[in-house]
Amino acid sequence: MNAVRIILIIFAVIILGTVILPLFNRWQFKRLSYEQQVLAIMKQAKGLVFWKNISNGRTGNLFYVKNKRKILVFPWEIDENGIMIILKENPFDKWDYPQEMPALNADEIKQAREELYKYSNKSAVKILFNDQFKNDKADSEPNQ
């Protein structure tokens, strides 16, 4: 084998591994049922907080995974100004997974809100959601 063939083989393997296989994996992931997507995202989660955004054009779902066990799903759509609007009326009412759907306690709501704001600040797209606790001064003022 001459050097040109070896270089072509290496180039083909690199293109296959960096372009074609990730595209195929994304296509396959979108075809999974909702429950299978949730389980796959839980396996992907690294650390205590993990975000996964699954887009279907101008709509999609933003997944928030806490401790690899609990998941909040924020369905969203992009408006004409390019802002991601979360469609859930109360995004922090109950966990979407586990199946029992327990309600979030006050600490979990506070942490989820903070993490969503952090994610929004890092994201290229501004995220807008119905924050029912925005004007709640109880957490920001010290007890007197």
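In this predicted model, five strands build an open sheet, arranged in the order β1-β2-β3-β4-β5 with mixed pairing. The edge positions belong to β1 and β5 (127–128), each of which has a single partner strand, so one side of each is left without a neighbour in the sheet. Strands of a sheet pair through backbone hydrogen bonds, in either a parallel or an antiparallel manner. Here, β2 and β3 run antiparallel and are joined by eight bridges. Within this pair, Thr59 is found opposite Glu77 of β3.

Helix α3 (residues 106–122) packs on the sheet, where it touches β1, β2, β3, β4 (84–86) and β5. The direction of α3 makes about 130° with that of β2. Helix α2, for its part, lies across β1, β2 and β3 and runs at about 140° to β1.

A closer look at α2 is worthwhile. In this helix, which spans residues 34–44, the buried residues are Gln37, Val38, Ile41 and Met42. Viewed down the helix axis, these buried residues fall within an arc of 135°, and they therefore line one face of α2. Their cover includes α1 (3–31) together with the strands β1 (49–55), β2 (59–66) and β3 (70–78).

Turning to the pockets, the second largest pocket holds about 160 Å³ of space. Its lining is formed by Asn25, Arg26, Phe29, Lys30, Gln44, Lys52, Asn53, Ile54 and Ser55. Both α1 and β1 contribute to this lining, each with at least two residues. Helix α1 and strand β1 thus appear twice in this description: they are part of what covers the buried residues of α2, and they supply residues to the lining of the second largest pocket.

Definitions and conventions: Residues numbered from 1 in each chain as written. Predicted model: local features only at pLDDT ≥ 70, side-chain atom pairs only at ≥ 80, totals over all residues. Heavy atoms only, no water. Buried < 20%, exposed > 50% of the residue type's maximum accessible area, 1.4 Å probe, protein only. Helix = DSSP H or I, 4+ residues; strand = E, 2+ residues; numbered from the N terminus. Arc of directions from axis to C-beta. Contact = heavy atoms within 4.5 Å. Pairing = 2+ DSSP bridges. Axes fitted to C-alpha atoms, helices over the stretch in contact; angles between N-to-C directions. 1 Å grid on protein atoms, 1.4 Å probe; cavity = no way out; pocket = protein on both sides within 12 Å on 5 of 7 lines; lining within 4 Å. Points joined across faces, edges and corners; volume = space filled by probe spheres on them.
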